[in-house]
Amino acid sequence: MIITENKNKKVIQSHDFEQVNCTIDAEDMRYVASLLRNNYSNTRLAVVREISANALDANLEANSNRPIEIKLPTSMNPTFSVRDFGGGLSQEDVFNLYSKYGKSTKRTSNNYIGAFGIGKFAPLSYGDNFTCVSYNGGLKTSYNIFVDENDDTKIVRLCEPEPSNEPSGLCIEVAVSDADKDEFRNITQKFFKFFPSNEMPKFLGVEENFIKDVEYSFSADDDSWFFTESESRMYGYGRHYSAHIIMGRVAYPLDASAINVGNFIKDESKIKVIKSLISSSNFYLRVPLGSVRLHHSRESLEYNKSTQKELVKHLLVVANSMQKIAKRKLADSEDLFDAKRNYARVINSLPYSVQDIFRNSFEWNGIKIDSPHFHRDHKYNDTLSITRSSKENDQSSRNGFKILSRRDNRLFCEDDSLYLIQDLQSSHGNNLRVRTLMNENPALKKVYIINAMTQDAEDYMAKEWHFDSIDKKHIRYTSKVDKEKPQFSGVRKSNGSRAKVKLFKMRLDKVNYQTRNIDYWENVEQEIVETKDMNGTYKSKLIYIPIKNYKIDFKEFELDNIFSKMKMLNKMQSDSNKKSFDLYGVRTTDSKKLDKSLWISFHDFYMEYTKKYLLSNIDLSSRVYTKESLDQSNELMSFRRHIGNLMHKNSFKVNSTNDFLNSVCEDFRTYHDTQDLHSLHFINYIKIFDKDWLESNLKVLFTTKELIDNLNLVVKKYPLLVNIGESYSSWHSFEKNDLLKNIQQYICLCDNAMGEGEL
């Protein structure tokens with residue numbers, strides 16, 4: 001690799017004064033050599049990288065078609081070795097060329113990886129010695145390179161040259177400690193993962209596919225840049241959350257803080273994209289060998305001005321081409337399902353801060369694509385039913401899996417999903433139909449059962465979802481799918497029929513969801529005539545819910561939903577050291593005969609309990625109610641990315657002459673940070689049955705418009721807060737560098753400089 005030189009440098013001297021070149025005395029070389037040997041932060045990676053790179057260069061120089069060979073350390077032979085098939089070295093070459101620090105024959109061409117002439121000694125950073133076996137001129141000669149007791153680097157021939165029929169080349173052997181065997185294996189796998197197949201080494205004594213193929217989620221047509229499927233952590237350099245460049249087949253992490261993008265580009269939108277790319281750990285950029293300068297350890301880049309400029313130039317090309325490629329990727333989709341699936345692949349592979357650039361720029365056949373799913377409008381909750389049936393492995397169940405079903409409001413477009421249209425009047429047996437589909441296609445993980453109960457709902461699917469643009473291979477109809485036939489053993493279980501049992505108790509001790517409705521209930525054999533001092537009651541009354549065929553006969557909720565509510569309530573009771581509740585299932589026909597002095601319906605109990613909870617936590621409940629009442633507009637969401645970064649911190653308190661800013665901060669925290677699942681569940685339940693009570697007892701603290709207006713006013717009064725918020729992260733401390741103190745001084749300056757009535 002050619003080492004870049006500054007050929008434009010001119011030194012002007014006004015007088016012909018005496019001068020001398022700086023050199024190193026021989027007796028001081030041991031100290032310089034020690035510095036060069038020990039300049040690696042990860043010595044194991046240095047061994048793999050440096051001797052492999054030298055082997056590849058030797059093969060290239062000799063025009064060898066035989067791949068280099070790498071042997072990994074094992075318990076029986078704890079040695080890491082790399083064998084090339086170049087020209088090998090004579091004893092004269094070893095003693096006069098190989099022995100010299102900084103000596104390199106590769107600086108006249110960018111075809112070679114090496115250049116600095118110190119990588120050959122990298123094994124001495126890991127251990128005190130290593131072996132070099134040279135095959136040259138029909139002879140095999142072994143040398144030991146070591147550091148002696150005086151810290152001098154020496155090379156000694158181990159034996160007389162012996163005749164050999166082996167191909168010419170070098171084999172470098174490094175002894176590895178037992179504790180490092182696995183680490184050498186992992187480093188080797190990661191180091192070579194971006195090598196082209198024609199340069200991939202032959203790995204001895206390892207399994208097939210030792211080097212895993214890299215899956216791209218989004219890439220350039222010429223492979224000059226790409227995003228990998230999963231976020232990667234670069235080996236050997238600590239924990240990095242940054243992009244990498246690939247130069248000479250080797251991946252180097254980029255230091256985002258060392259690249260001043262604004263020095264080379266003035267377009268703020270492009271600067272934002274490039275900064276995001278640099279910070280994305282699954283982004284890789286290929287650059288020509290020698291185009292940027294490396295640190296002499298070859299572990300990282302030297303971020304001089306020319307290196308920064310070259311990187312920004314390549315990244316600008318990426319930024320300009322990404323959107324075109326992404327749009328074409330969607331345009332090539334086979335149908336709407338495929339377009340939404342490709343949308344997810346593109347968006348999910350991009351840095352979060354870059355995603356917004358793409359969200360509103362995708363179309364397929366004139367249809368706007370802005371999500372990987374079909375979302376049901378809340379107006380169709382009662383007329384357009386969506387049930388998601390998921391496969392869960394369970395060896396105790398039939399065919400090794402069970403089906404978990406739950407209501408949903410979205411249909412995702414995924415490789416392992418299918419849509420099942422309910423075109424039969426009854427949904428009975430749909431779980432068995434799902435099992436049939438999953439038996440036919442073992443890769444199928446989710447089936448969305450869609451039941452449009454009115455013509456209006458069917459029109460919504462056609463006009464809003466454009467369902468006619470989905471290929472039929474993604475859709476089935478219940479009338480065309482047979483139910484899986486249950487297999488009976490011929491032996492009835494010992495508990496027999498439960499038809500004569502009139503009362504059941506919900507089993508809340510189960511940790512997993514049940515596969516059958518009947519499994520949620522246990523028999524209650526004795527008749528209950530007295531509830532005083534009885535456990536599990538509410539105000540000395542038993543809680544019941546009507547059931548039919550072991551399902552909840554309460555149209556708003558399914559069995560698993562009621563089960564979850566009871567589990568949540570009892571967890572709350574336990575946390576407050578209060579007694580738990582029991583829920584009894586009573587057949588619908590029998591529930592009408594219950595003595596109301598002994599029994600209370602689940603609905604009445606739940607309404608009373610939830611209202612009491614909300615009133616006893618009125619401040620928190622009002623904040624949750626306010627948050628739920630807000631319209632999640634794009635304008636409101638946009639504040640979260642700049643000024644909201646400051647406002648949502650509880651420690652952001654401003655000593656101002658008025659309370660306006662602190663009040664807006666408190667409102668924003670209500671919108672951004674308020675979380676209480678209990679209040680949220682209770683409010684949503686009451687909203688269905690008694691919305692007037694919510695409006696009478698819980699206060700909406702502010703509206704969406706009021707919050708947006710106040711936030712805009714803050715931005716207008718204190719514009720620099722936006723810039724501070726954009727560069728501020730939630731893990732930063734306001735105490736660092738007196739940030740909060742400086743912000744308060746800025747706010748006071750703005751308040752004092754602005755006359756009354758100016759806003």
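How far is the sulfur of Cys171 from the closest cysteine sulfur, and which residue holds that sulfur? The distance is 8.5 Å, and the neighbour is Cys132. This model is predicted.

**Cysteines**

A disulfide is a covalent bond between the sulfur atoms of two cysteines. To count as one here, a pair of cysteine sulfur atoms must lie within 2.5 Å. At 8.5 Å, the sulfurs of Cys171 and Cys132 are too far apart for a bond. Cys748 is in no disulfide either. Its nearest cysteine sulfur belongs to Cys750, 9.3 Å away. By this rule, the count of disulfides is zero.

The surroundings of Cys171 and Cys748 can be set side by side.

| Cysteine | Relative accessible area | Class |
|---|---|---|
| Cys171 | 10% | buried |
| Cys748 | 31% | partly exposed |

**An open sheet**

Now to the strands. Five of them form an open sheet. Their order is S18-S17-S21-S20-S22, and the pairing is mixed. Strand S18 (401-407) and strand S22 (475-477) are the edge strands. Each of these edge strands pairs on one side only. On average, neighbouring strands of this sheet are turned by 25 degrees against each other, direction ignored.

Which way do strands S20 and S21 run, and how many bridges join them? They run parallel, and five bridges join them. Strand S20 covers residues 417-421, while strand S21 covers residues 446-452. One pairing can be named: Leu418 has Val447 in S21 as its bridge partner.

Methods
Residues numbered from 1 in each chain as written. Predicted model: local features only at pLDDT ≥ 70, side-chain atom pairs only at ≥ 80, totals over all residues. Heavy atoms only, no water. Pairing = 2+ DSSP bridges. Helix = DSSP H or I, 4+ residues; strand = E, 2+ residues; numbered from the N terminus. Axes fitted to C-alpha atoms, helices over the stretch in contact; angles between N-to-C directions. Buried < 20%, exposed > 50% of the residue type's maximum accessible area, 1.4 Å probe, protein only.
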